[in-house]
Structures are given as structure tokens and as C-alpha cells.
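I opened this file to see how the chains are put together. My entries follow in the order in which I looked things up.

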Amino acid sequence: MVAQSHGSLYRYLVNKPPSLAEKRRLRKIERDFHVRAFGEELARINFLPEKRRKAAVAEMIDHARSKGVDLGRPALGVTI
Amino acid sequence: MERLIPYAELEAFFTGLVRTAQSRGITCAITSGMACVHFGVAATTKDCDVLCAVGQAEEFRALVAETELRGLRPNYRGNISPPLDARWMRGGWTAHFTWKTEPEEYCLDVFGTAPRASSVWEQELHDLYASRHTVAEMKLTNRPKDWPYVTALGIKLLGMGDVRGCLHLYSAETLLKTVRSQPIPAWMFEIRPTLELARTGDDQLAAAIHAEQVFWSHLDACRIRVYEQSLRPYVNAVRKAIAHRPISLAESHAIRIECAERHLVKSPLVAHGFDQLVQAARAETAKFAHPSLMEWLPKATVHFTGIL
């Protein structure tokens, strides 16, 4: 059996930009979710402009590693 | 003690690798944690996952082999990695590479098919990265820590006007707030029936979403078990052939091909059967979920795209 794909359907459904009001509403929903799921500090980082956001993430990762946090993962032969 | 390589340098290294590959005509994209960081969902990672078109595995392997990190060339990671070869990539195997710098090593996982994908990842790339949709589907794992990323990427998709975002919302509150303003096509209800519960505001929604997560978790665990069972004879053969000798990536690759040809099933999931896998995951979920929730589980057979 070959797995099916909905790929060909997708191109007709995507990228109808939401209105400004809908964008604002989604932004609020997104922010609320990030605070609930990741906590205040990560949520704050996730809503920074790209350059500052990536710098903050890099700092967080480097700090964790410098304190001995192992961010590695096992090689299983199959990607999790 | 030598210093760790800063994340910014690692990110530049891996994006540089993918940029060079793309400039050579290789279809490939960064996915998983580094893609999440790029898309605005902070993840703690130092390694990189890359999707590479199956038919271009050889060219990508040649590029990896010549790519130095702080003056070091990579090798396969341990005995367990299958060879980066189209025959096994088509079956969903992942090749693991490592640059063994001190004091940390840095890893690259390369795969040809995106696990749990319902669409063809090559059809939708964002520069150096896989699409948010693909990355979200790849995060439907048996690790609870991955689930917030799925929802976060789903909201991002909706913000871009991509209604598929609703497929990725695993927070009842978030789904309820968004689904009614989205023009959801029939096929999405087919592959994710819980959208109907969200549309009607049914009280069962939160429990049904939890059951979905249990189901995906079991599906992933079943999938990994199938691969692990197939891997054992191959790993033993590679271990015996390499026998702790320091060898180059090219030598290691040749050994792995020889061992894989004799011992590694090319596509264990196809041999096992997608339907059987889904049924096993449903059976495991049924031990936990209330019977009334079973009808809302996803039709996961569409989530094996590309595996041949």
C-alpha cells in the first residue's frame, strides 16, 4: 500500500491572508497559548523581532550547555 | 577545557551546509528544533535535522563528507546509523552523522521522508526550512514536550491564512477560539474528526484531544519498535565489521552498505503494514480512552506519505 497524500489539494487552500482584525485576534490567541504552554519568559522571547529572538534563544541554549545540560539525543536509526 | 561552540555558530554552520546543498541543486531543508527556532517557537537544541530528497542522497552525503566543523570532518554516529542511501531512506530510515569536536559532539540527522507527514515535504519549502505544516506533523511524537510546538506552529499557519493550522491545534481552548472563524474543507474533517467537536463546541473536545495525543504517542512508539526490531542484525554486523577501528566516513559508508544489503530490511513499515500499525495504536489507545472517544481518533493512514 502506498500512503496517500493531500499535497495536491493544499495549494488551493492556503495563503488567503486573514484580515487585520483576524490577525490581531490570532495574535492574542497565540500569545495566550505561548504563556500557558511555555511560560512567561519563553513567550516573551518568542514574540521578539527575529534578530533579537534568535539572539535570546542562542543565549538561553548556550547558558544551559555551559551549566552542563545535555541537549544531545540518542541515535536510533529512525528519527523520532 | 575547550569552549563549547556557540549556538549562533552552529546555526550558521548547518544553514550554510543546507544553503550549499541547495546551490548544488539538492532539494533539502532544515526541520525539527532549528526550524522551530526559525519560525518563532524557541526550542533548546544544538543538533540539526535535515530532510533530503531521496534521489539526491548520494550528492548530499558527498557534501556532508567534505564539510568541516572547526577543522574536523564528520563520520557516521556509532554503529546504529543506517547508510545514507536512497534504498533505505525511501523506507523511512534516518542516517546519523556527527562532528566529534571537544568537549561536545554535534549531530546531523538526515532523512528522506518526513515521519507522520500527510503531504510531500518537497512541494513546500521556505528557503532553507521545511514548511511549518511539515515540521508540525513531525512533532506528533511520543514525547510530551513536543506537543506545545505542534499547536504553536498551527497558530502560525492560521496567521498566514493557512487553514491547515487547525489540524495542529492540540489545545482545546485554542482550537475552540479559532475553528469557527475558519472555512474548514471536508477533507480536513475526514483526517481529523475532532474538528467537528470543535466546530459544534462539544463538551467532549478536551477529552477527545487527549485521546488523539495518546493515539499519536502509541503510533509513534509502535513505529519505533518496528524499526528497532529490524535494526538489530544490521547493528551487530556493523559493530563486528568496524570493530572500533578509526575509519573514514567513506569506509564506514561502504561497510554500512554491505551490512545493510545483507541485514537491513529496506522498508520495515511497508513490510509490517500501515493499517496494522494504526490498528495497534488504536488498540493501545482503547485501553485508556473512553469508548465514546474512539470514533474521534484521526485517520492516520494518510500520515505515511513518501514511505515506499
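Entry 1, a strand and its partners. I began at B:Asp49, which stands opposite B:Asp109 in strand E5 of chain B. I keep in mind that the model is a predicted one. E2(B) and E5(B) run parallel and are joined by four bridges. I then looked at the pairing with strand E1 (residues 28–31) of chain B, which is antiparallel to E2(B) and also rests on four bridges. There B:Ala29 has B:Leu51 of E2(B) as its bridge partner.

Entry 2, the surroundings of E2(B). Is strand E2 (residues 48–52) of chain B enclosed or open? Five of its five residues are buried, so I note the strand as largely enclosed by the rest of the structure. I sorted the residues by direction: B:Cys48, B:Val50 and B:Cys52 point one way, B:Asp49 and B:Leu51 the other way, and all are buried. For B:Leu51 I listed contacts beyond four places in sequence, among them B:Cys28, B:Phe111, B:Trp121 and B:Ala130.

Entry 3, the nonpolar core. I note the background that nonpolar side chains tend to be buried together in soluble globular proteins. The largest nonpolar core here has 101 residues, and those with the most contacts inside it include B:Ala29, B:Val50, B:Leu51 and B:Leu153. Helix H10 (residues 205–242) of chain B gives the largest share of this core, 14 residues.

Entry 4, chain B as a whole. I counted 13 helices and seven strands in chain B. Its radius of gyration is 20 Å, close to the 19 Å of the globule rule for 308 residues, so chain B is as compact as a globular protein of that length. The C-alpha atoms fill a box of roughly 60 × 40 × 40 Å along the principal axes. Buried residues are 52% of the 308. Of the contacts in chain B with a separation of 6 or more, 61% are between residues 24 or more positions apart.

Entry 5, the contact with chain A. How many residues does each chain bring to the contact? I found 46 from chain A and 59 from chain B. On the chain A side, helices H1 (7–10), H2 (20–38), H3 (40–46) and H4 (50–66) each supply at least two residues. H4(A) gives the most, with 10 residues. By class, that side of chain A has 26 nonpolar, 11 polar and nine charged residues.

Entry 6, helix H7 of chain B. In this helix (residues 172–179) I found B:Thr174, B:Leu175, B:Thr178 and B:Val179 buried. Seen down the axis of H7(B), they fall within an arc of 110°, so they line one face of the helix. They pack against H2 of chain A, and against helix H6 (147–159) and helix H9 (194–200) of chain B.

Entry 7, backbone exceptions. Most residues other than glycine have a negative phi, and most peptide bonds are trans. I looked for departures. The bond joining B:Glu102 and B:Pro103 is cis, with omega about 0°. B:Pro103 lies in the loop between strand E4 (94–99) and strand E5 (106–111) of chain B.

Phi is positive at B:Arg70, near 50°, and at B:Arg116, about 70°. Which of the two is buried and which exposed? B:Arg70 has 12 other C-beta atoms within 10 Å and is exposed, whereas B:Arg116 has 21 C-beta neighbours inside 10 Å and counts as buried. B:Arg70 sits in the loop between helix H3 (57–66) and strand E3 (75–76) of chain B. B:Arg116 is in the loop between E5 and strand E6 (125–126) of chain B.

Key. Residues numbered from 1 in each chain as written. Chains lettered and ligands numbered in written order. Predicted model: local features only at pLDDT ≥ 70, side-chain atom pairs only at ≥ 80, totals over all residues. Rg over C-alpha atoms; globule rule 2.2 N^0.38 Å. Buried ≥ 20, exposed ≤ 12 C-beta atoms within 10 Å, placed from the backbone. Contact = placed C-beta atoms within 7 Å. Nonpolar A, V, L, I, M, F, W, Y, C, P; charged D, E, K, R; others polar. Arc of directions from axis to C-beta. Core = buried A, V, L, I, M, F, W, Y, C linked by C-beta atoms within 7 Å. Pairing = 2+ DSSP bridges.
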